[in-house]
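Work through the exercises below with the sequence and the model open. Each task is followed by a solution in steps.

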Amino acid sequence: MLSINTIHPVSCIDGMQQMDEESVDLVVTSPPYDDLRTYNDSSKWDHNVFMQVADEIARVLKPGGVIMWNVNDATVKGSETGSSFRQCLYFMDACGMRLHDTMIYEKTGTAFASGPKSVRYTQIFEYCFVISKGKPKTINLIQDKKNVWAGYTSFGNASTRKKDGTIHDPGKKSKEIREWGVRTNIWKIKNSGGFGQSSKESYKHPATMPEELARGHIQSWSNPGDIVLDPFMGSGTTAQVAIEEGRQFIGFEIDSEYFEMATKRVSNPDEILKSYEIRKNKSFEKMDVDKSRSQQQTKDMDENTKKYSDLKEFLA
């Protein structure tokens with residue numbers, strides 16, 4: 001087994017071949033997208049290379065482990081290549097894995113906005129295929145979606161439609177709606193204007209993964225102490241977030257410039273944790289302000305509901 005909490009300067013295929021079988025809990029990675037970036041011409045990427053990478057990932061992943069495969073397609077002659085789907089299907093058909101969830105990373109900024117003469121709509125998202133080796137052994141769904149109707153039940157009975165199309169009425173209302181709900185599988189994450197990375201040095205890399213994208217998946221599909229693998233470490237985002245979330249990591253980066261960048265980025269774990277704590281506290285302060293606004297909105301909504309009830313009673 002190669003040393004963990006280390007980024008190794010070799011190709012991920014050569015690196016993973018030196019790893020023990022079933023030794024990794026989670027894979028969080030963003031592989032090359034077709035030929036959209038040259039990455040200093042440091043490596044080759046095509047479907048044959050992908051298959052070798054996928055086979056090794058399947059071998060080193062523990063039963064119940066999860067892969068978060070963040071990928072997108074190149075546009076050739078005005079249309080998408082579809083390589084993302086071919087890769088996902090290879091994991092399923094050739095590696096015997098499950099497609100646990102097809103998630104969407106929605107960007108807040110785009111490189112090319114469509115215009116009146118464009119042939120396609122503005123590309124604003126990427127796929128996050130959540131692929132599991134059997135049933136996922138760790139699921140920590142993030143509950144940070146504020147429910148506007150918190151504290152209320154359904155207005156009528158909590159009816160559902162059955163398989164044959166008929167409606168089943170249980171004769172009772174739904175349970176009271178909680179204050180916070182589970183996220184949807186479309187995550188809108190800031191990727192532009194310097195918001196995607198806390199490390200400004202990392203922007204020298206041409207295709208960084210937003211820290212909050214890595215963080216959400218590391219929190220969702222692993223526990224503290226678990227080993228997170230990134231075969232394409234790039235600027236070191238996965239390693240940094242793994243440290244911040246109390247996980248261990250191992251990664252590979254074949255390009256010498258990016259290897260140096262990523263290694264430097266995670267060279268001082270204590271400083272990483274200190275910086276993260278400061279950023280979290282600032283975020284909590286903002287949440288307190290948002291909560292105060294939300295409470296006022298709820299109060300206004302309660303008053304409007306009462307006015308509506310009073311009006312119904314008056315009209316009756």
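**Exercise 1.** Which residue stands opposite L26 in β13?

Solution. The model is predicted, and the pairing is read from it as follows.
- Locate the two strands: β2 covers residues 24-29 and β13 covers residues 227-230.
- Establish the pairing: β2 and β13 run parallel and are joined by 2 bridges.
- Read off the partner: V228 in β13 stands opposite L26.

**Exercise 2.** Find the order of the strands in the open sheet of 8 strands, and state which strands stand at its edges.

Solution.
- Going across the sheet, the order is β1-β14-β13-β2-β3-β7-β6-β12, and the pairing is mixed.
- β1 (6-8) and β12 each have a single partner strand, so one side of each has no neighbour in the sheet; these two are the edges.
- Neighbouring strands are turned against each other by 20° on average, with direction ignored.
- Helix α5 (residues 237-244) packs on this sheet and touches β1, β2, β13 and β14. The direction of α5 makes about 175° with that of β14 (248-252).

**Exercise 3.** Describe the edge strand β12: how is it joined to β6, and which of its residues are on the covered face?

Solution.
- β6 (residues 98-107) and β12 run parallel, with 4 bridges between them.
- In this pair, I189 of β12 has K107 opposite.
- In a regular strand, side chains alternate between the two faces of the sheet.
- In β12, W187 and I189 form the covered face, while I186 and K188 form the uncovered one.

**Exercise 4.** Where does V182 lie, and why can it be part of a surface patch?

Solution.
- V182 is in the loop that connects β11 (180-181) to β12 (186-189).
- The relative accessible area of V182 is 32%, so it is partly exposed.
- Patch residues need over 30% relative accessible area, and V182 passes this cut-off because its value is 32%.
- Together with I139 and L141, V182 makes a nonpolar surface patch of about 230 Å².

**Exercise 5.** How many residues of helix α4 are buried, and what percentage of the protein's residues count as buried?

Solution.
- Helix α4 spans residues 211-221, and 9 of its 11 residues are buried.
- Among them are the charged-name entries E211 and R215, along with L213, I218 and W221.
- For the whole protein of 316 residues, the buried share is 39%.
- The protein exposes about 18,100 Å², of which carbon and sulfur atoms supply 53%.

Technical notes. Residues numbered from 1 in each chain as written. Predicted model: local features only at pLDDT ≥ 70, side-chain atom pairs only at ≥ 80, totals over all residues. Heavy atoms only, no water. Patch = residues over 30% accessible without salt bridge, like charges linked within 9 Å, V, L, I, M, F, W, Y side chains within 5 Å. Areas by Shrake-Rupley, 256 points an atom, 1.4 Å probe, with all protein chains shown as cover. Salt bridge = Lys/Arg side-chain N within 4 Å of Asp/Glu carboxyl O. Buried < 20%, exposed > 50% of the residue type's maximum accessible area, 1.4 Å probe, protein only. Pairing = 2+ DSSP bridges. Axes fitted to C-alpha atoms, helices over the stretch in contact; angles between N-to-C directions. Contact = heavy atoms within 4.5 Å.
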